[in-house]
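The following exercises practise the reading of a protein model, from strands to helices and unusual backbone angles. Each task is followed by a solution in steps.

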Amino acid sequence: MERSDQDRPSHPREDEHEFAEERESLWRITLGPTIWAFHFLISYAAVSVYCFKFERMFSMGVLRIALIAMTVAMLAAIAWIGWRAFLRWDVRDTGEFSNPEGSAEDRHQFLGHAGFLLALVSFIGVVYDTLPLIILGTCR
Amino acid sequence: MTDRSIPAGDLAPRGIYPPTEKMLNEPVPREVRERQEENLRRAWKTPEGWRYWTAVNNSEVGVWYTMTAFVFMLIAGVMALLMRLQLWVPENDLISADMFNQLFTMHGSAMMFLFAVPMFEAISILILPAFLGARDMPFPRLSAYGYWAFLIGGIFVIGSILFSAAPKAGWFMYPPLATIELGIGSDIWLLGLSFIEVASIAAAVELIVGALKCRPPGMRVNVMPLYAWYVLVVGGMILFAFPPLIAGDFLFELERSFDWPFFDHTRGGDPMLWQHLFWIFGHPEVYIIFLPSIAIAAMIVPTVARRPILGYSWIVLSAVGTGFLSFGLWVHHMFTTGLPNMSLGFFSAASEAVVIPTGIQLFAFVATLIAGKVVMTLPMLWIAGALAIFTAGGLTGVMVAIAPFDWQVHDTYFIVAHLHYTLFGGMVFPVIAGVYYFFPFFRKKMLSERLGRWSFWLIFTGFNITFLPMHLTGLLGMPRRVYTYPEGLGIDWLNQISTVGSFIVAAGFAVFAWDIVRPKKDQPQIERNPWGAGTLEWSHEIPETKWGVRSIPHITSRYPLWDQPKLVERMDQGRYYLPDAEEGLRETIVTSVIDARPIQVQRVTGPAYITIWAAAFTGGAFILPTFHIYGPAIVSAAFAVVCILYWLWTSTARPPEKDMKDVGLGLSLPTYAAGPQAVGWWAVWITMLGDATAFASLVFGVFFYWTSNTAFPPPGAEHANGYLVALSTAAFAAAWALTRGARGLNRAGRVGLARGALALAPLLTLAGMGGFILSVMDLDPASHVYPAMMWALMVWVVAHGIVGTIMQLYCLAGSLFGKLTPRYDADLWNVTLFWHFLGLTALVTGAMMGIVPRLM
């Protein structure tokens, strides 16, 4: 399947047009880390606000379970993103691990590869950041 | 003929792209070539004599920037030597405690703010366009402005130590020590460095737009040099890391100047807010320093290994991943502040996780070296030293990321050793490698192999002699930042070894500095590609030409000099794009973000005095308040605004003499762009992202006080006047709507209505600003942190309102004087974009002043 765009006429709104074509992948390469960032921020903010404001109102167990549930959902989302990126990378069909050439197809697969690897690192990051929720049980 | 009914910014490129082999093979007649070269030479001529300093070309500004940062580094290094002399023996009285405090504060501040970060910007300005086969950066005058701002601010900050007036509360300026500090040291730090941070953000904007929009045709994101990827990531990090510090500086200076108690706990403030804001900046900053330096390694390693880099995507992952994760580490500088253990746990975990992407790139380099045939050149020697030292620093980093270990060594010499290992390995060594590697590119001469090896071994051994013992000094309990220590603690000999080592490092730097400045007139002309590299910067011409590239190539590979055999010959002969400058203007090609399809010819600005004046007056606006001279400071700020307006009016987004231009190889490109097509629009978007981050930091402050303080707002506190807040917010919203409406009306040719909207909008903005001011008039900002915070939000939105008003009037004037027409409306697009952000800022401010405190 050769996907050549070399001959298509220039589009008047070149950037918007390209983003439309590749929007998903470009967005996806930072989507994994963005989920990590939200996971980190929400966990940290929730624990801080709880420890400073609501420690007497309800037990930490409730908060931990809520946050761990959020973690599971976010890990699933990252896994799905990673899987889609893996398909885009298309390494099983092409056998190409690196996509060093200047064709549209190579750019497409490269973005898939980068997105896949970033999803992997974000997944590990989220798991790391969940460990304190599992190991520690109190504010002190 | 172009269609006059289409807005100039909507014209599409016409003709053939990509070029065929047959077109590229067509020879260019000699007389044509010579005429073109003459035109280009004239357009890109560097000013001579004393006008030389008006130059804005990246090849000049980059060299000044690099050399200035290097000189600041040497000065900060001398400060370190003085400290080491003082610590040579116990109970030494060479330097007073007060001077010692100034020395360590200035050493850290100067190394971070005057050397490490500016050095990244300097090197990138110098070499990024060459990596991308661009003639210059998209906004040369902005680079020059940034440089002059940096020079003025840097001399001001570092010069203060000569008057014994330097800041002395440590490079992170913790309150309450820094807020109650007498003298002007803290003000010099806050205002001087804020000024330089503005220059950093200007450089970040320039570099991001450069990497995204100024790549040569065909250089898609998957073939761009890794350096450009790192620049993108680091530019993005600067936008999210520096603004929190600017917001912190803003609050801090308000406390120092007007006694608004943001960090004073007796009036509801909290010194911890500063620590948060500082380290949200401070930790990513470490990676802002590290990533671009390691990017230099990513350029050198493939060259010495004689093969393409292994794991290009892995390195991209590494850069992007590190960029993200580095924002989750800041509290590991605050492990001993008594935050809940679980919070510490999150930061500890993220600090361990960041090792993964950081490590991956180092493994990719090692793998490339193993797979290739390594030629141990001088730059590679420095890279090898960097990898060894950085790895050692990384290992102690893993140790101190574990909270209980950190509790033991916090604020001891162990930390001093750790941070110097990471910064020397992660920044100093790779940057020196880069200087040896790129010197033949930017100076067209080689540095000495022999001096280089001497310098390396002196610095490498001296460094380890200085800092390796410090781990032990710290574990034995010596705290950092003490001006002396008593006898008999078992640390005397360790300190002596460190002092000896520091002078060996200094000797190494002396050799290096001599190598750079020694006269090289008699040296033979260098080879064009002395290292046999594959990337585009080595297509540079010898002897030097000022036009950047003779013609802008079509790139289809990561290592074009290796993979595209006829490339350099064709570039030289002007067979590629923009081989000429018939109008005598400086031009470069703008391409699309992902696939780098050519979309526009960008006219870039040339030499000017105005940038120097603008920087000088901006400097006055920041520096005079240090001495509590507010009237002249405001006048200076007004002059700065006038200079910047003159600069924009005379040289940006002018309607071109013709809409389309033939750029060669059968392709015609538009010469004007508006909206998301234009580099200016991208610059506004990126700047405002940073601005929004600073504002978000203030909003964070409100919520922070709410969590940290049992009574915020205090019971029975007076709130901002709700009606006035609501009316002001509405006025801002209406001003936004009119600005946005003016853009549509102007495009539709209803110029009269558009002018009406642009005349009415500033009035509404003024009303909005007045309303916000009146709404807090009854609150006393010095009485408690709550009214102080309301005032701070008001000051923020009013300051932005002033800028917004000026912009609306600028567009109105543009419309009246023919600069802004329905066909040429880039200015109005940019102003509308600014107003999207300002509208949102006003809306959030309205909520923060009118609604949120009443619910807290």
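## Exercise 1: A hairpin and its sheet

In chain B of this predicted model, β4(B) and strand β5 (residues 667-670) form an antiparallel pair over 4 bridges.

**Task.** Determine which residues stand opposite each other in β4(B) and β5(B), and state which strands lie at the edges of the sheet.

**Solution.**

Step 1. Strands of a sheet pair through backbone hydrogen bonds, in either a parallel or an antiparallel manner. For β4(B) and β5(B) the sense is antiparallel.

Step 2. B:K661 stands opposite B:L669 of β5(B). The bridge partner of B:G664 in β5(B) is B:L667.

Step 3. The hairpin of β4(B) and β5(B) has 2 residues between the strands, and in this hairpin B:L665 takes a positive phi near 55°.

Step 4. The sheet is open and has 3 strands in the order β1-β5-β4 (chain B), with antiparallel pairing. The edges are held by β1 (14-15) and β4 of chain B; each has a single partner strand, so one side of each is left without a neighbour in the sheet.

Step 5. Strand β4 (residues 660-664) of chain B is nevertheless mostly covered, as 4 of its 5 residues are buried.

## Exercise 2: Two helix pairs

**Task.** Decide whether α3(B) and α5(B) are roughly parallel or antiparallel, and do likewise for α25(B) and α26(B).

**Solution.**

Step 1. Two packed helices are described by the angle between their axes and by the distance between the axes.

Step 2. Helix α3 (residues 58-86) and helix α5 (residues 140-159) of chain B pack at an angle of about 15°, with their axes 10 Å apart. Angles under 35 degrees count as roughly parallel. The helices α3(B) and α5(B) are therefore roughly parallel to each other.

Step 3. The crossing in which α3(B) passes α5(B) is left-handed. Among the residues making the contact are B:W64, B:Y65 and B:F72 of α3(B), together with B:Y147, B:F150 and B:L151 of α5(B). By class, the contact of α3(B) with α5(B) has 11 nonpolar, 4 polar and no charged residues.

Step 4. Helix α25 (residues 785-816) and helix α26 (residues 826-850) of chain B pack at an angle of about 155°, with their axes 10 Å apart. Angles over 145 degrees count as roughly antiparallel. It follows that α25(B) and α26(B) are roughly antiparallel to each other.

Step 5. The helix α25(B) passes α26(B) in a left-handed crossing. Residues that meet there include B:M790, B:L793 and B:H800 in α25(B) and B:F834, B:W835 and B:L838 in α26(B). This contact of α25(B) with α26(B) has 14 nonpolar, 6 polar and 1 charged residues.

## Exercise 3: Unusual backbone angles

**Task.** Place the cis peptide bonds at B:P18 and B:P176 in the chain, and decide whether B:E91 and B:A653 are buried or exposed.

**Solution.**

Step 1. Most residues other than glycine have a negative phi, and most peptide bonds are trans.

Step 2. The bond that joins B:Y17 and B:P18 is cis, with omega about -5°. B:P18 belongs to the loop between β1 and α1 (21-25) of chain B.

Step 3. A cis bond also runs from B:P175 to B:P176, with omega near 5°. B:P176 is in the loop between α5 and α6 (177-180) of chain B.

Step 4. B:E91, which is not a glycine, has a positive phi near 55°. B:E91 lies in the loop between α3 and α4 (97-131) of chain B. A residue is exposed if 12 or fewer other C-beta atoms lie within 10 Å of its own. B:E91 has 8 such atoms within 10 Å and is therefore exposed.

Step 5. B:A653 is not a glycine either, and its phi is positive at about 50°. The loop that holds B:A653 runs between α21 (630-651) and β4 of chain B. A residue is buried if 20 or more other C-beta atoms lie within 10 Å. B:A653 has 25 other C-beta atoms within 10 Å, so B:A653 is buried.

Note on methods
Residues are numbered from 1 along each chain as its sequence is written. Chains are lettered from A and ligands numbered from 1 in the order in which they are written. This is a predicted model: local features need pLDDT of at least 70, side-chain atom pairs count only at pLDDT 80 or more; totals for chains, interfaces and linings use all residues. Axes are lines fitted to C-alpha atoms, for helices over the stretch in contact, and angles run from 0 to 180 degrees between N-to-C directions. Angles under 35 degrees count as roughly parallel, over 145 as roughly antiparallel, 65 to 115 as roughly perpendicular and the rest as oblique. A crossing is left-handed if the near helix is turned anticlockwise from the far one by less than a right angle, and right-handed if clockwise. Two residues are in contact if their C-beta atoms, placed from the backbone, lie within 7 Å. Ala, Val, Leu, Ile, Met, Phe, Trp, Tyr, Cys and Pro count as nonpolar, Asp, Glu, Lys and Arg as charged, and the others, Gly among them, as polar. Two strands pair if DSSP finds at least two bridges between them.
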